[in-house]
Amino acid sequence: MIDYERRLTVARSQQDEAAWAAAWAEGRTMTLEQAIEYALSEEKSSPLASAQASEDKEPSEALTPREREIAVLVAQELTNRQIAEELTISERTVTTHVYRILNKLGLRSRTHISAWILEKQSHER
Amino acid sequence: VSLAGRLGVFWSTRGHLNEGRVWLESAVSRGGSAATTLARAKALNGAGLLAMAQDDVGAAKAVFEEGLALYRETGDKEGIAFALTNLVSVAWLGQRYDIPVASLIEEANKLKPDIQDQRTVAHLLLLEGGVAFARGDLERVVELWEESLAHFREVRDARGVAMCLMTIGHMKVAQGDYGRAGTLLRESLRLAGELDHKQYVHYCTIGLGSVAASQDLPSRAARLWGPRRAWEWHMARTLRARAAP
């Protein structure tokens, strides 16, 4: 019911490929018990996470996670209405987010947001 | 057949899905006239739940339909209502548009005043929540599912409680209420762990992965989503093995 593939794509875009692949592989090899323990540990990290944690917590950009999520969707050429449907929020809320994204990044158009996302992703690869 | 039907929940909860399905299908086919229609209907419902747990949507649809037909023969309203909710869940989760959801829901709603069993009431509320979800009324969805949760808590149905907490948690993720989502999903995960319900564990960890992503913790999200992918791969392999001659 919830579009996790999109959330996954967004999270992946926030991190360099090697760190993502390492974390992903670590998750895949967890036993059920380890996965439960890790999921319930909240802020405690697995050994690999400890090394990564500080990197994760540093906001790489001025945008909030929701704003980054919306920026990625803007870059995928979705309209505000389509984004609203995708995120099950109102179109007006999306408009506000897009306005804030533009302000925070000092950009003037959706095309600029797309370019910014593409550039950010290319740097991370 | 009766014993196999009762064991259905155990197999489903503990993740012994293939084993459970083989037993249930064999029991239903060999039960013949010796087994009561009601026992066969219950066993078929159990087989359907196991098939759904394996994402074997086609098989689940077939056995739920057969089970529903048998429940109708017996006139067991509780059973009919439960079978209807199961069939609708196949339509929604399995995206089977050939299932006449509207008429099934209409039938379930007509039965509602006659339903006494709290578990069945809870399942019907989940169904009603699904209808609200389809029309995009997320607040109503949460209301209905919280009501369902209260019923499951009252009858101390841990599996039902875990399921409700998990579904409401996912709804909170959709609404962007990640704090509440995390609380609900962790409670569900604890229960699912105690029940050893592998499917729910994976649904909870995937939801918590979204919560982690919202907290700007992509590595944590990846670790939480990774096991679910491994589970999907395992399930696909299990189904292939089952289909092999």
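Visitor: What share of the 125 residues of chain A counts as buried?
Guide: In chain A, 46% of the 125 residues count as buried. Buried here means under 20% relative accessible area, exposed means over 50%, and partly exposed lies in between (1.4 Å probe, protein chains only).

Visitor: Anything I should know about the model before we go on?
Guide: This is a predicted model, where local features need pLDDT of at least 70, side-chain atom pairs count only at pLDDT 80 or more, and totals for chains, interfaces and linings use all residues. Residues are numbered from 1 along each chain as its sequence is written, chains are lettered from A and ligands numbered from 1 in the order in which they are written, and side-chain values use heavy atoms, with hydrogens and water left out.

Visitor: Okay. How many helices and strands are in chain A?
Guide: Chain A has 8 helices and 0 strands. Both are DSSP runs numbered from the N terminus: helices are H or I with at least four residues, strands are E with at least two. Along the sequence the pattern reads α-α-α-α-α-α-α-α.

Visitor: And how much surface does chain A have?
Guide: About 7,100 Å² is accessible in chain A, and 52% of that belongs to carbon and sulfur atoms. The areas come from the Shrake-Rupley method with a 1.4 Å probe, and for residues only the protein chains shown count as cover.

Visitor: Switch to chain B. How many helices and strands there?
Guide: Chain B has 12 helices and 0 strands. Of its 245 residues, 56% count as buried. Chain B exposes about 10,400 Å², with carbon and sulfur atoms supplying 53% of it.

Visitor: What share of the contacts in chain B comes from residues 24 or more positions apart?
Guide: They account for 57% of the contacts in chain B with a separation of 6 or more. A contact means heavy atoms within 4.5 Å. In chain A, the share for residues 24 or more positions apart is 55%.

Visitor: Pick one helix for me. What's the deal with H3 of chain B?
Guide: Helix H3 of chain B covers residues 37-53, so 17 residues, and it reaches 24 Å from its first C-alpha to its last, close to the 24 Å expected at 1.5 Å a residue. The expected span is 1.5 Å times one less than the number of residues.

Visitor: Is H3(B) mostly covered or mostly open?
Guide: Mostly covered: 13 of the 17 residues of H3(B) are buried. After H3(B) comes B:Asp55, whose phi is positive, near 60°.

Visitor: Which non-glycine residue in chain A has a positive phi?
Guide: A:Glu77 does, with a phi of about 65°. A:Glu77 sits in the loop between H5 and helix H6 (80-87) of chain A, and at 70% relative accessibility it counts as exposed.

Visitor: And B:Asp216, buried or exposed?
Guide: B:Asp216 counts as buried, because its relative accessibility is 12%. Its phi is positive too, near 65°, and B:Asp216 lies in the loop between H11 and helix H12 (218-243) of chain B.

Visitor: New topic: how many cavities are there of 30 Å³ or more?
Guide: There are 4 cavities of 30 Å³ or more, and the largest has a volume of about 120 Å³. On a 1 Å grid over the protein atoms alone, a cavity is a set of points where a 1.4 Å probe fits but cannot get out, and lining residues have an atom within 4 Å of a point. Grid points are joined across faces, edges and corners, and the volume is the space filled by probe spheres set on the points.

Visitor: Which residues line the largest cavity?
Guide: Among them are A:Arg7, A:Gln14, A:Glu69, B:Tyr178 and B:Ser214. Helices H1 (4-13) and H5 (65-75) of chain A and helix H11 (198-214) of chain B each supply at least two lining residues.

Visitor: Where is B:Val131, and what does it touch?
Guide: B:Val131 is in helix H7 (residues 118-134) of chain B. Not counting residues up to four places away in sequence, B:Val131 touches B:Trp92 and B:Ile105. At 29% relative accessibility, B:Val131 counts as partly exposed.

Visitor: Last one: how far apart are the C-alpha atoms of B:Leu93 and B:Met52?
Guide: They are separated by 8.9 Å, with their positions 41 residues apart along the chain. B:Leu93 is in helix H5 (residues 77-93) of chain B and, at 61% relative accessibility, counts as exposed.

Methods
On a 1 Å grid over the protein atoms alone, a cavity is a set of points where a 1.4 Å probe fits but cannot get out, and a pocket is an open set with protein on both sides within 12 Å along at least five of seven lines; lining residues have an atom within 4 Å of a point.
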